[in-house]
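Subject: The structure we talked about

Hi there,

Here is the structure I promised to hand over. Have it open while you read, and follow along residue by residue.

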Amino acid sequence: MEAKVQKKHQRKHSGRKAEKKSRKQNEQESDARKRNPRAFAVQSAVRMARTFHRTQDLKTKKHHIPLVDRTPLEPPPIVVVVVGPPKVGKSTLIRCLIKNFTRQKLSDIRGPVTIVSGKKRRITFIESGSDISSMIDLAKVADLALMLIDASFGFEMETFEFLNICQVHGFPRIMGVLTHLDSFKNNKVLSKTKKRLKHRFWTEVYQGAKLFYLSGMVYGEYQTQEVKNLGRFISVMKFRPLVWQTSHPYVLADRMEDLTDPETIRQDPKCDRTVSLYGYLRGTYMKNKSQVHIPGVGDFAVGDLSFLPDPCPLPETLKKRALNEKERLLYAPMAGVGGVVYDKDAVYIDMPGGHVKQQDNAGPTTELVQSLIGTHATLDSKMAASKVSLFSGTAALSQDDQPTESHVWDPKTHRERRKAVFTGEEEEDDHDDDDDDEEEEEEEEDEEYNEEDENEVEIEKTDPPMKRLKLEQRKEMEETPAFADSDDELEKSEDDEEDEEERGTGNGDSGHCSEDNDDDYGSEEAESGTEDDDNKEISDMEEDVASGTNGQRSKASSGQEEEDEEEEDQSYSTAGSLRWKEGLAEKAAEVFLRQQRAAPNLRKLVYGTVVEEEEEEGEEDEEVGGLFRVSRPEKGKRRRADGLDCSRFEPDDSHDWEQEEMLASIRDCFVTGKWEGNTDAATLLKEDDEIYGDFEDLETGEVHKGGSDLDHEDEEEPQVKVDDTEAQKNKRLEKKKRLKERFDAEYDDGDATYFDDLKEEMHKQAELNRAEFEDVDDETRVQYEGFRPGMYVRLEIPSLPCEFVTNFDPHYPIILGGLGGSEGNVGYLQMRLKKHRWHSKILKTRDPLILSLGWRRFQTIPMYHIEDHNGRHRLLKYTPEHMHCGASIWGPITPQGTGFLAVQSVSGTQANFRIAATGVVLDLDKSVTIVKKLKLIGYPCKIFKNTSFVQGMFNSVLEVAKFEGASVRTVSGIKGQIKKALRTPAGAFRATFEDRLLMSDIVFLRSWYPVTVPRLYNPVTSLLLPAGQKDTWTGMRTVGQLKHDLGIRNQPNQDSLYKPVVRQPRKFNKLHIPKELQKALPFKSKPKQTQPKARTPRDLQRPAVIREPHERKVAALLSALSTVYNHKKKASRVKQHTAHKEFLKQKDRAEEEKMRRLKDVKKKMYQLMGQKEKKKQKSSLKAEGA
């Protein structure tokens, strides 16, 4: 039975059900806002307004004033300063970062270390010491500061000091790095410590500042992944330009050389030195011969400024994602990277590997070192043994062959001539010509042995006798040319051949062998491998000699040169036969070319060397050791003198002008030929007519028609092409398109804001700045705009103190800060200053203070003052505790708005916070007059009602005359005025007061005395101190420090001491009221006339009682009994009081015991009640569940 096939479900495509399904599917596909618009409607207008305002506030907070981007296309390396207290891991972090970027290990971190971190970024790492001078200098040039914090200890003072320094001198980017996290064993304590340090770091920098965690160390290095993450953040970080850095050029020196003459140093070791400093130029453009300041040394003028090839260049191609090993460059001369280490008294060259086996194919970087190692004789001995040959073919002159002068009279010219006579000259005149030739050959051989290397001497010793004979014969043949027209040409050819043999290169103009042939030989030797046996060296010598002779004789290819060598070998074997007939055609060609070169080259005489020749010479320059360039001046001179005359036309037979193709190739070059449409005269005329059309001459009234005649049209129609109409149409379309874009840009603003327009304007300005000198070479560009940032420059500075070189320490930064036009002058500065809130003491006027202002660190004496409501600048003895005050100093002129900080000492480390004050420069002149309050005291000598004579305030009549009309006061508050001086005593004057004075009053005059600012400008020369003592610079000491160091105790002022006040009792006169006034007074206020009591009469006085003896005994007994009773009563009262105290204590103890029992009872009761409540809740939950 066949299985029943189930019918497939057919989907409905129409009908109510299909429509419902399709509608449901469409709703699911649509977004929620369309599906349910009421859910996304505005629920509260107030809440929506708040949300909108908040969004706009956040967007506006991100805005900053746009600045013109002046960074060059190849910016200088970013300066990353690693700061922190001692033993926190600064050097370890730098080594790990260098290894992460360059795959190289650096043992000692000294000076700046520059690396290539990416395709468009380089980084310079430098470590900052814990001394305040290094931190101040590096904060001025830092682009990024890595602040290392020991998490196991917490924040230290160096961290906060550096943050405050950065706030004053322009805040660079700050990144915190927590180290020593592996000392925490408990994770909970670690997380709490991280959170606490992070929030404190955010408080000091800004909310959300980046803080990295280096969890632990593996084999003395931080973990690779953590260092890699830190390196990524550094590589992609963006930097906002700082005002001081972008307005001043500066160089962070990474290399230093002493150029002073050693003989001068030997004669005077304390003489000023000429030093060249190297580094990348940063900031803005620097001109030659400008003023620079070296912090820690002083101000200097740049003797010479030049740019050098970049020692750490960026990769040329940007197509790759990552750098290869060759492009991961590391440049740190002070740390010994790059093969050269600069010490204070020597230069050490580091050669990798051993030097036991000397390789023949040594690279250019080791040529210099190999030559230095292979030197066996001193320069003096070489000069003594050297010989000079004045002319070719003559005997060589040694030092012993110096000519002597002899005066000989010449009868023909009738004058005395000075003849140069050599030793042994008379003996040579006596010999025959053959003997002369033999002696010349022997002298030449001696000269060759003296000038050649030791290797070549060994080669000649090991030569077989046949080969040595063959080499000598070849040298004899090379001494004279085979063919010459005159004696001058003979001498010229000899000189050329000798020069070419010495250098191994030929003349490019004359077609001789060039250095390319030598390079080919060298490449063939490199491919075939190097062998150490003597036979190989001998064969190489023979090939070099053969190639030199062949290059001088012909311009043939390499195959022809081999044939020429064979022919020459055959001719050398037949030395006795005639050889002048061989190669006559080639000799004639050489003669012709020599005649061409004999005439002067007019083009080279007028315009100088041809550009192509300069390029070839530039390519042929060789570098030795990567530091020195071999110059060949003689070669360039020969080229200029012997080059082909470009003003002469040499006939060229390579083109056959009888062929039709050759004629057709130049037919259109003439006027009768067919020209292009944009250069054809007829086409240009027609376009002018179309543009200008008909016009009328206003002077003559004649009307000119512009191409409307039919004849003209018929004549010009065949010349106009179809392409012209298409080009015009496209031109119109382009014009319309540009107009529409302009219209849209003006009226269709869209969402653009003022901020966007400002950014666009700054972007356009930056593009204009870059495009101005974009196509100009560096030599010309430097003359117009100066040395631009990003160049690696060399600054030669003369007259540096000798201590800078002798005490040089690469661990301290050397910064050359460029000075503006007036920043090299010294004058008065007005500042606004505030004592730092963390500094322990207030600052005192006239105490010396060390300021960091601009590039400089200097000591000066500030005068603090405050401005009163009437504009008077009143001198302050001390700075206010929590307020700004004014300060006037004598120092270098610095632009207004520049921040500064003050420290009291830069020597060593102090327990307290070292930054004493901060502030900003307000003014640059002496417009502010600081005045000091002065009180003059006098005493009245005569009093006449409201007029008094006062003395003791002045010393002469002239002084009184100066203060006439001045207001005076008494201590009791009575105001007065000075009227006129008295004759006697001297200095006394008459003054009037509001009330009558007393003789005991004191009169004082409050005056204001102008104070002068002390002229002290003492630069901090910390870099001139010996190594290890650079953080011990001390300048002028304060008065308190001097007294403390000298052990002088301060003697107090006697008037300032507190004394017991002794007041004499004053006797006042009786109040006297006139009788008339007494009558007018009411009774209550009238003085009462109290009569004195009369004496009691004697009869009314009580008589004295005289007791009997018995009564006296009874009275004494009663008094004794009362005394005893009173004593007992007092003792009982004391006892009762003590017992009551004890009772109260017992009562308090009982009360406490009662309260404790009550508390325990309540606690048990509450526990029972809680348990009952829990049972009730459980039972209720069970009942609900059931």
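Arg1037 is partly exposed, with a relative accessibility of 41%. Its side chain takes part in a salt bridge with Asp1045, and the closest N and O atoms of the two are 2.8 Å apart. Asp1045 is partly exposed as well, at a relative accessible area of 45%. Elsewhere, salt bridges that share partners tie Asp304, Arg794 and Glu796 into one network.

Please keep in mind that this is a predicted model, so treat what follows as a description of a prediction.

**The whole chain**

The chain has 1186 residues, and 31% of them are buried. Its secondary structure comes to 35 helices and 39 strands. The accessible surface adds up to about 82,400 Å², and carbon and sulfur atoms hold 52% of that. If you take the contacts with a separation of 6 or more, 69% of them are between residues 24 or more positions apart.

**More salt bridges**

How many salt bridges does the structure hold? There are 18. One of them pairs Arg914 with Glu161, where the closest N and O atoms are 2.7 Å apart. This pair connects distant parts of the chain, with the two positions 753 residues apart in the numbering: Arg914 sits in the loop between β31 (899–903) and β32 (915–923), while Glu161 belongs to helix α6 (residues 157–169). Are these two partners buried or exposed? Arg914 counts as buried because its relative accessibility is 4%, and Glu161 is buried too because its relative accessible area is 2%.

Another salt bridge is made by the side chains of Arg200 and Glu204, at 3.0 Å from N to O. Both residues are in helix α7 (residues 187–204), and because they are four residues apart there, about one helical turn separates them. Arg200 is partly exposed, at 31% relative accessible area, whereas Glu204 counts as buried, at 10%.

**Two buried serines**

Next, have a look at Ser276, which lies in strand β10 (residues 273–282). With a relative accessibility of 0%, Ser276 counts as buried. Which residues does Ser276 touch, leaving aside those up to four places away in sequence? They are Arg255, Met256, Glu257, Leu259, Arg794, Leu795 and Glu796. Try finding Glu796 in the viewer: Ser276 and Glu796 are 520 residues apart in sequence, yet their C-alpha atoms are 4.2 Å apart in space. You have met Glu796 already, as a member of the network with Asp304 and Arg794.

The other serine is Ser128, found in the loop between β3 (122–127) and α5 (132–141). Ser128 also counts as buried, because its relative accessibility is 0%. Not counting residues up to four places away in sequence, Ser128 touches Val81, Val82, Val83, Lys90, Ser134, Met135 and Leu138.

**Patches on the surface**

Now turn to the outside of the model. Where does negative charge gather on the surface? One such patch is made up of Asp756, Asp757, Glu760 and Glu761. Asp756 is placed in helix α29 (residues 754–772), and it is partly exposed, with a relative accessible area of 35%.

Positive charge gathers in a surface patch of Lys933, Lys935, Arg969, Lys975 and Arg1006. Of these, you could start with Lys933, which is in strand β33 (residues 930–944). Lys933 is partly exposed, at a relative accessible area of 43%.

There is also a nonpolar patch on the surface, formed by Ile937, Tyr939, Val971 and Ile1002. Together these residues have about 370 Å² of accessible area. Ile1002 lies in the loop between β37 (989–993) and β38 (1003–1011). What is the relative accessible area of Ile1002? It is 32%, so Ile1002 is partly exposed.

**Where to begin**

If you want a short tour, I would start with Arg914 and Glu161, the salt bridge that links distant parts of the chain. After that, go to Ser276 and Glu796, with 4.2 Å between their C-alpha atoms, and finish at the nonpolar patch that includes Ile1002.

Happy exploring, and send me your questions whenever they come up!

Best wishes

Key: Residues are numbered from 1 along each chain as its sequence is written. This is a predicted model: local features need pLDDT of at least 70, side-chain atom pairs count only at pLDDT 80 or more; totals for chains, interfaces and linings use all residues. Side-chain values use heavy atoms; hydrogens and water are left out. Patches are made of residues with over 30% relative accessible area and no salt bridge: like charges are joined within 9 Å, nonpolar side chains (Val, Leu, Ile, Met, Phe, Trp, Tyr) within 5 Å. Accessible areas come from the Shrake-Rupley method with a 1.4 Å probe; for residues, only the protein chains shown count as cover. A salt bridge is a side-chain nitrogen of Lys or Arg within 4 Å of a carboxyl oxygen of Asp or Glu. Lys and Arg count as positive and Asp and Glu as negative; His and the chain ends are not counted. The place of a charge is taken as NZ of Lys, CZ of Arg, CG of Asp or CD of Glu. Buried means under 20% relative accessible area, exposed over 50%, partly exposed in between (1.4 Å probe, protein chains only). Contact means heavy atoms within 4.5 Å.
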